[in-house]
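Here is a short report on pockets and a helix pair. Look at the model first, then read on.

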Amino acid sequence: MAVLSAAAIQLTERPVTQPLTAVVVSRRWGVVHRLGLPPWLEVAAAVVLLDYTLFVWHVLTHRVPLLWRFHEVHHADRDVSASTALRFHFGEMVLSVPGRTAQVICVGAGPLSLSTWQIATFVAIVFHHSNAALPLALERRLCRILMTPRLHGIHHSVVADETDSNWSTIFSWPDYLHRTIRLDVPQAAIEIGAPTVEDDAARTLPDLLARPFVPAPRQPRVSTRGHVTPGDGLAA
Ligand SMILES: [Zn+2]
């Protein structure tokens with residue numbers, strides 16, 4: 001999965017976004033060029049805005065049926081770990097090229113801003129998919145600023161209304177802004193998986209690669225957990 005995704009990014013995204021960043025800078029397209037910031041702050045603002053627009057894209061990958069067919073494959077993993085961060089269907093990488101192009105143009109991301117954001121995003125997705133058991137007290141503070149493993153684990157729940165939360169990547173503020181943050185789910189109660197993938201047999205590499213292209217039931221199996229009892233959740 002990882003090799004195909006990396007190849008798809010190299011072949012379809014980089015040839016588009018790399019030259020585009022140079023055009024964006026020379027023509028001063030995008031929001032950050034309107035803010036009159038010093039160059040270093042322009043990079044920081046671009047990283048924050050690229051992170052926010054990726055939040056919007058992530059919501060679309062769940063809401064647009066064609067995009068969900070591909071993003072569902074990432075959620076099919078039954079045990080979130082750092083390697084889950086690499087398990088995206090290559091088709092999702094190809095379909096994200098127009099989205100990435102729009103992000104670069106709207107934000108006004110230059111080469112340095114884009115590469116800084118890409119490195120920060122990679123570190124963030126490996127971190128928030130990892131099974132690092134941070135002290136709960138620390139993570140309760142950290143998740144107010146950053147997307148953390150327990151916070152993102154709730155997004156990987158099989159319960160649909162929990163999947164529909166905690167969409168952020170680096171910083172968690174977009175979820176606070178849109179009131180899509182969920183802290184109240186006891187960690188021990190979370191079953192990891194895609195809300196729409198029923199059959200464990202459908203998780204082999206050939207099946208996962210083929211899944212977006214074949215008709216399959218995609219209705220959520222469990223929409224809501226109902227009453228949530230307090231437990232080892234992030235809500236203090
Ligand atoms: Zn997702």
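The lining of the largest pocket divides into 14 nonpolar, 17 polar and four charged residues. Ala, Val, Leu, Ile, Met, Phe, Trp, Tyr, Cys and Pro count as nonpolar, Asp, Glu, Lys and Arg as charged, and the others, Gly among them, as polar. This is a predicted model: local features need pLDDT of at least 70, side-chain atom pairs count only at pLDDT 80 or more, and totals for chains, interfaces and linings use all residues. Residues are numbered from 1 along each chain as its sequence is written, and side-chain values use heavy atoms, with hydrogens and water left out.

A pocket is an open set of points on a 1 Å grid over the protein atoms alone, where a 1.4 Å probe fits, with protein on both sides within 12 Å along at least five of seven lines; lining residues have an atom within 4 Å of a point. Grid points are joined across faces, edges and corners, and a volume is the space filled by probe spheres set on the points.

| Pocket | Volume | Lining residues | Largest share |
|---|---|---|---|
| Largest | about 790 Å³ | 35 residues | H6, eight residues |
| Second largest | about 300 Å³ | 15 residues | H8, three residues |

Helices are DSSP runs (H or I, at least four residues), numbered from the N terminus. Closest to the centre of the largest pocket are Ile9, Met93, Arg100, Thr121 and Ile125. For the second largest pocket, they are Pro149, Arg150, Gly153, Gln187 and Ile192. Its lining divides into seven nonpolar, six polar and two charged residues.

Arg100 also belongs to the H5 side of a contact with H2 (heavy atoms within 4.5 Å). Among the H2 residues there are Leu50 and Trp57.

How values were computed: Helix = DSSP H or I, 4+ residues; strand = E, 2+ residues; numbered from the N terminus.
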